[in-house]
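Got the viewer open and a selection box ready? Here's a short walk through the model, with something to click on at each stop.

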Amino acid sequence: MNNRFISCLLSTASLATSLPAATTLCNFEADADLAQFRWASQGQSKLERVATFATAGECALRFASPAWKTGMPEWPAFELKPSARDWTGFDRLVVDITNPNAERFHFALFVSDSKVPFRQALSYTFKLPERGFQRFVVPLSSFPKTVNRADIALLHFFTQRPQTDLALYLDNLTLLKKGESLPEPGPKFVRQLVALKVDHVAAAEKTLAKSREATAGAGVATQFEALERRLKEVRAELGSATITLATLNALTEELSALPQKAERVGAVARFQKACAELGQPTDQMLVGFATSMEKLLPRDTLFDVKPAREVELSLARNEKESFQVVVLPAAAALKRVTVRVSDLKASSGAVFKRGLVNCEVVGYVETKMRPPNGTSHIGWWPDPILNFLGPVDIAAGDLQSFWIRVRAPKDQAPGTYRGTLTVSADGITPLTFPMSVRVRSFTLPTHSPLPVAITFGPHDYPADEKQPLTGEYRNSPDYPVNAWKKHKLAWADLLADYYINYDSLYRHGPPDFEIIQRLHDRGQLTAFNLGIFDAASRGAAAASNALAGLRTAYDQAAKLGVLDHAYIYGFDECKPEMFPLLEKTAQTLRHEFPDALLMTTSYDHSYGMDTVVKTMDAWCPLTPSFRPDQAAKARAAGRHVWWYICCGPHHPHANMFIEYPAIEGRLLMGAMTAKQRPDGFLYYQISIWNSPQPITSGPFTDWDPRSWTTYHGDGSWTCVGPGGTPLPTIRLENFRDGLEDYAYALILEDIIRQREVKSASLTAAENEWLAEAKAALPVPASLVKTMTDYARDPAALYAWRNRLGDLIDRSGLTDVNPWGKDFGVRGFSAQRRAQ
């Protein structure tokens with residue numbers, strides 16, 4: 001870009017180097033202001049002062065840029081050089097922006113001093129509303145330490161390749177001190193905003209009419225009449241001359257929700273009709289089934305659930321598999337709803353005891369803002385599984401899911417077991433459905449079938465790091481970050497049940513060898529970190545202390561006989577300029593701790609093949625940077641190549657945010673892992689908890705779903721129940737289910753290998769089986785074509801998984817164990833991995 005500075009002479013010479021609180025930088029009230037703006041990259045873009053969408057005073061700045069075409073500047077940008085340079089007394093920058101467009105354009109800001117290049121300074125992306133206004137508050141605590149806040153010299157605003165004609169209105173650029181605030185925009189501005197909402201009203205009216213027509217005769221006319229009355233009331237309130245911004249915002253949210261409510265009424269009507277066609281009573285309670293890979297929103301949104309007829313499920317021995325029972329009131333609210341199952345019996349007389357089936361309430365958490373990964377819905381989402389909650393009430397119009405988790409013991413006799421599932425509520429005749437569980441002949445491992453390195457280290461993440469949560473919360477024994485400690489072993493056991501070892505990538509102290517020994521004795525231990533090796537970048541004394549701590553942990557691991565599970569992690573997401581120090585550190589660690597795996601997420605996309613780092617054992621790129629061809633070369637040289645996710649990647653890549661489909665976590669750990677074959681999986685944290693209290697009631701909980709920064713669920717796959725007890729989530733369930741799917745693939749692969757060794761002596765039937773198994777083993781493109789092109793249909797995943805399971809059963813081999821007795825952090829041997 002052309003970096004010509006803009007200057008905006010904000011007032012007079014009386015404005016000195018330090019500013020008072022609530023200091024206006026620009027309010028665009030004088031024509032002379034425009035003469036002091038200059039472009040960094042203009043093209044056909046324009047800046048003008050207009051008497052429209054002014055939030056303070058009479059005028060605002062209009063920034064317009066035409067839709068991008070080849071040959072036009074890709075980054076239309078303008079800059080201002082504030083004469084007020086000392087920002088040390090301020091903690092926020094306010095920018096009012098109105099976007100009258102339907103498109104949410106990319107629009108961002110850099111702020112820097114006179115020396116640091118602006119791209120290396122404070123950056124902030126404005127998440128623009130659609131046809132609306134937002135007061136953006138930029139936290140000045142986000143300045144990098146390299147920027148001198150007493151010498152702020154540049155504000156650089158820019159967009160990128162607008163797809164349609166862009167027009168944004170900026171006003172009221174203001175610096176604030178702690179405790180200071182700005183008044184809301186006045187009535188004139190609000191009335192201008194109201195004009196942008198006309199399309200919302202028309203769209204809601206159209207959707208209501210369409211939905212009502214589609215459900216004519218379904219007995220829901222009364223519900224639509226209520227929605228239509230409310231829409232008329234909203235239109236009248238929008239026309240009020242005294243409407244406030246707060247009222248407008250509330251009405252806008254209601255307008256946005258009305259079409260979804262109409263679709264919801266239609267969905268309930270269609271579901272009720274489908275239930276009636278199956279002979280299910282539909283006057284009081286409606287029941288359906290869904291897979292474990294679906295997230296069913298409880299209120300005011302469209303849903304797609306199959307009416308209940310019967311449920312069939314298959315699983316291996318030592319496997320857990322789940323499904324959902326979905327209950328909706330047909331009219332009035334339901335009281336004390338429960339789901340239970342009977343004992344299930346096989347034709348042989350064997351029994352699958354009802355105690356092996358958990359019927360638990362799905363809980364809901366409320367999101368209140370759009371996260372960086374985007375979402376189509378802000379509001380209630382299913383996530384925690386409330387294993388402590390008994391019968392629940394279901395309000396009229398709500399949808400309630402129950403999580404039905406089936407566990408097959410290692411010694412459960414193979415076969416098909418049949419029984420019943422019953423849904424009951426106070427004052428209603430219970431509904432009972434046939435249920436069958438097929439237990440397969442083979443057994444899944446007690447430990448993770450794939451090495452995983454995952455942090456469980458509970459902490460909070462205040463929305464503003466400079467304004468931490470109150471001491472009252474943090475010092476309370478009931479604060480989730482504190483309360484869990486009373487149940488340490490219960491947490492370790494729950495995590496192990498989900499194939500996660502009690503561990504931390506960022507450990508500076510010794511591992512918890514009590515828990516490590518416990519997991520090892522139970523056959524659940526796969527990997528644990530001896531400690532982080534970032535101390536070399538902090539000086540000789542820190543490095544010496546770190547080595548001493550690692551030596552103590554290493555010797556203890558050797559004494560317990562668990563070194564084959566031990567790794568040392570460090571240089572987290574390190575850039576190439578640190579590679580010489582990384583290699584020097586790795587050499588020291590290799591000399592001192594020869595039997596520990598050395599692992600890093602440093603940014604070397606050659607996995608040590610083309611850089612100075614030759615001593616590192618395991619490389620761990622982000623999933624979009626995982627290259628199977630390069631990984632094969634690294635493995636041939638004796639290296640391991642894992643992969644990881646964190647707050648990225650975003651769609652179209654798979655991740656495990658609360659707003660993302662549940663099936664993505666299962667695909668990532670199962671079919672995608674089977675297709676791409678990483679040597680392990682790493683995740684930085686599963687216990688960032690920002691709620692002041694544990695979950696003690698439900699199903700609609702007060703648990704704060706915000707985790708790291710403004711994400712929902714990133715770094716947080718667990719919740720805290722009464723007294724600090726552990727609660728799993730739907731995402732954690734799908735994580736384990738994916739690893740179990742991967743185990744199916746490894747077991748079938750091992751049987752194929754055994755058969756190929758004996759190919760000369762195979763019977764015709766065995767040769768036929770072998771050909772079919774070899775054709776079935778590769779993950780089909782219809783399920784996973786690439787890491788960004790994959791199916792989200794549970795039926796496609798079940799088709800692949802069940803075909804593998806059927807082939808394993810047909811092989812006649814029931815005790816196949818590809819992992820052996822010493823499966824640890826290095827996974828399979830180098831020879832085996834190269835096959």
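Start with the largest cavity, which has a volume of about 50 Å³. Keep in mind that you're looking at a predicted model. The count of cavities of 30 Å³ or more comes to three.

To see the walls of the largest cavity, select Asp-383, Ile-658, Ile-688, Trp-703, Asp-704, Pro-705, Ser-716, Thr-718, Cys-719 and Arg-731. Now colour that lining by residue class: five are nonpolar, two polar and three charged. Asp-383, Asp-704 and Arg-731 are the charged ones, while Ser-716 and Thr-718 make up the polar pair.

Next stop: strand 7. Select residues 92-99. Is each face of this strand covered or open? Show the side chains and check one side, with Arg-92, Val-94, Asp-96 and Thr-98, then the other, with Leu-93, Val-95, Ile-97 and Asn-99: they're all buried, so both faces are covered. That makes eight buried residues out of eight for strand 7.

Which strands pair with strand 7? Add residues 132-139, and you have strand 10, which runs antiparallel to strand 7 and is joined to it by eight bridges. Then add residues 166-176 for strand 12, another antiparallel partner of strand 7, this time over six bridges.

Finish by zooming in on Thr-98. Look towards strand 10 and you'll find Phe-133 standing opposite Thr-98. Turn to strand 12, and the bridge partner of Thr-98 there is Tyr-169. Label Thr-98, Phe-133 and Tyr-169 to keep both pairings in view.

Methods
Residues are numbered from 1 along each chain as its sequence is written. This is a predicted model: local features need pLDDT of at least 70, side-chain atom pairs count only at pLDDT 80 or more; totals for chains, interfaces and linings use all residues. Side-chain values use heavy atoms; hydrogens and water are left out. On a 1 Å grid over the protein atoms alone, a cavity is a set of points where a 1.4 Å probe fits but cannot get out, and a pocket is an open set with protein on both sides within 12 Å along at least five of seven lines; lining residues have an atom within 4 Å of a point. Grid points are joined across faces, edges and corners, and a volume is the space filled by probe spheres set on the points. Buried means under 20% relative accessible area, exposed over 50%, partly exposed in between (1.4 Å probe, protein chains only). Helices (H or I, at least four residues) and strands (E, at least two) are DSSP runs, numbered from the N terminus. Two strands pair if DSSP finds at least two bridges between them.
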